[in-house]
Amino acid sequence: MPDITGKSVLLYIGNGGTPEVFSLIAAGTSHSMTVNQTEVEKNSKDSGGWREIFPLGSIRSISLSMSGIFRETADQDALRNLVMSANPEANFRFNLGGTRRITGKFQVTSYEHSGETEGFAQFTAQFSSNGVITEEAVA
């Protein structure tokens, strides 16, 4: 299996159309992804005071943090405007190392923009899934 570096992660944003068209807006310099499987309890008076977990009833979610650089100023503006809106969610696609990609609706829960006198402007953002997320191999 090939190594996936932070810079191997590419961030795409959807246009909301049918069919959805995704545009590359940023390249990652570092990233972290967490897949959660939160259990669902099904306690009842018949549980005898013991916790019972509903089989196959977990609540799945993905949290993804990424730092990176934008392709161009318009892309930076698109993400910042989304974060500043009343509903900071959109369909995103994350290309993970050229081998896998995840696609779905994510809410941008945090956004930070930084830069130095010499060098690229960078961003750090956190994304939380909202709904069904698909994962597929990239050919």
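**Close-up views of a predicted model**

**View 1. The largest pocket of the structure has a volume of about 300 Å³.** The model shown here and in the views that follow is predicted. Of the 13 residues lining this largest pocket, Val-35, Arg-60, Ser-61, Ile-62 and Ile-133 are the closest to its centre. At least two lining residues come from each of strand 2, strand 3 and strand 6. The greatest contribution to the lining of the largest pocket is that of strand 6, which provides five residues. Sorted by class, the lining comprises seven nonpolar, four polar and two charged residues.

**View 2. Phe-70 and Phe-123 form one of the five aromatic pairs found in a search of the whole structure.** The ring centres of Phe-70 and Phe-123 are 4.5 Å apart and the ring planes meet at 25°; because planes under 30 degrees apart count as stacked, the pair is assigned to that class. Phe-70 belongs to strand 3 (residues 59–70) and Phe-123 to strand 6 (residues 122–137), so the contact ties together parts of the chain that are 53 residues apart in sequence. Phe-70 has a relative accessibility of 12% and therefore counts as buried, the limit for that class being under 20%. Phe-123, at 1% relative accessibility, is likewise buried.

**View 3. A cluster of phenylalanine rings is formed by Phe-92, Phe-94, Phe-106 and Phe-127.** These four residues are linked to one another through ring pairs.

**View 4. Arg-93 is placed over the face of Phe-22.** The distance from Arg-93 to the centre of the Phe-22 ring is 4.2 Å.

**View 5. Glu-39, Glu-41 and Arg-51 are joined in a salt-bridge network.** Side chains of opposite charge can pair when their charged atoms come close. The structure has nine salt bridges in total, among them the one between Glu-39 and Arg-51, in which the closest N and O atoms are 3.3 Å apart. Glu-39 and Arg-51 both lie in the loop between strand 2 (22–38) and strand 3, so this salt bridge ties together parts that are 12 residues apart in sequence. Arg-51 also forms a salt bridge with Glu-41, with 3.7 Å between the closest N and O atoms. Glu-41 lies in the loop between strand 2 and strand 3 as well, so the pair with Arg-51 connects parts 10 residues apart in sequence. The network arises from salt bridges that share partners. Glu-39 counts as partly exposed at 38% relative accessibility, and Glu-41 counts as partly exposed at 46%. Arg-51, with a relative accessible area of 48%, is also partly exposed; the class of exposed residues begins over 50%.

**View 6. A salt bridge between Glu-135 and Arg-100 links distant parts of the chain.** The closest N and O atoms of Glu-135 and Arg-100 are 3.2 Å apart. Glu-135 is located in strand 6 and Arg-100 in strand 5 (residues 100–114), with the two positions 35 residues apart in sequence numbering. Arg-100 has a relative accessibility of 32% and therefore counts as partly exposed.

Conventions
Residues numbered from 1 in each chain as written. Predicted model: local features only at pLDDT ≥ 70, side-chain atom pairs only at ≥ 80, totals over all residues. Heavy atoms only, no water. Phe/Tyr/Trp six-rings, centres within 6.5 Å; stacked < 30°, edge-to-face > 60°. Helix = DSSP H or I, 4+ residues; strand = E, 2+ residues; numbered from the N terminus. Buried < 20%, exposed > 50% of the residue type's maximum accessible area, 1.4 Å probe, protein only. Lys NZ or Arg CZ within 6 Å of the ring centre and 35° of its normal. Salt bridge = Lys/Arg side-chain N within 4 Å of Asp/Glu carboxyl O. 1 Å grid on protein atoms, 1.4 Å probe; cavity = no way out; pocket = protein on both sides within 12 Å on 5 of 7 lines; lining within 4 Å. Points joined across faces, edges and corners; volume = space filled by probe spheres on them. Nonpolar A, V, L, I, M, F, W, Y, C, P; charged D, E, K, R; others polar.
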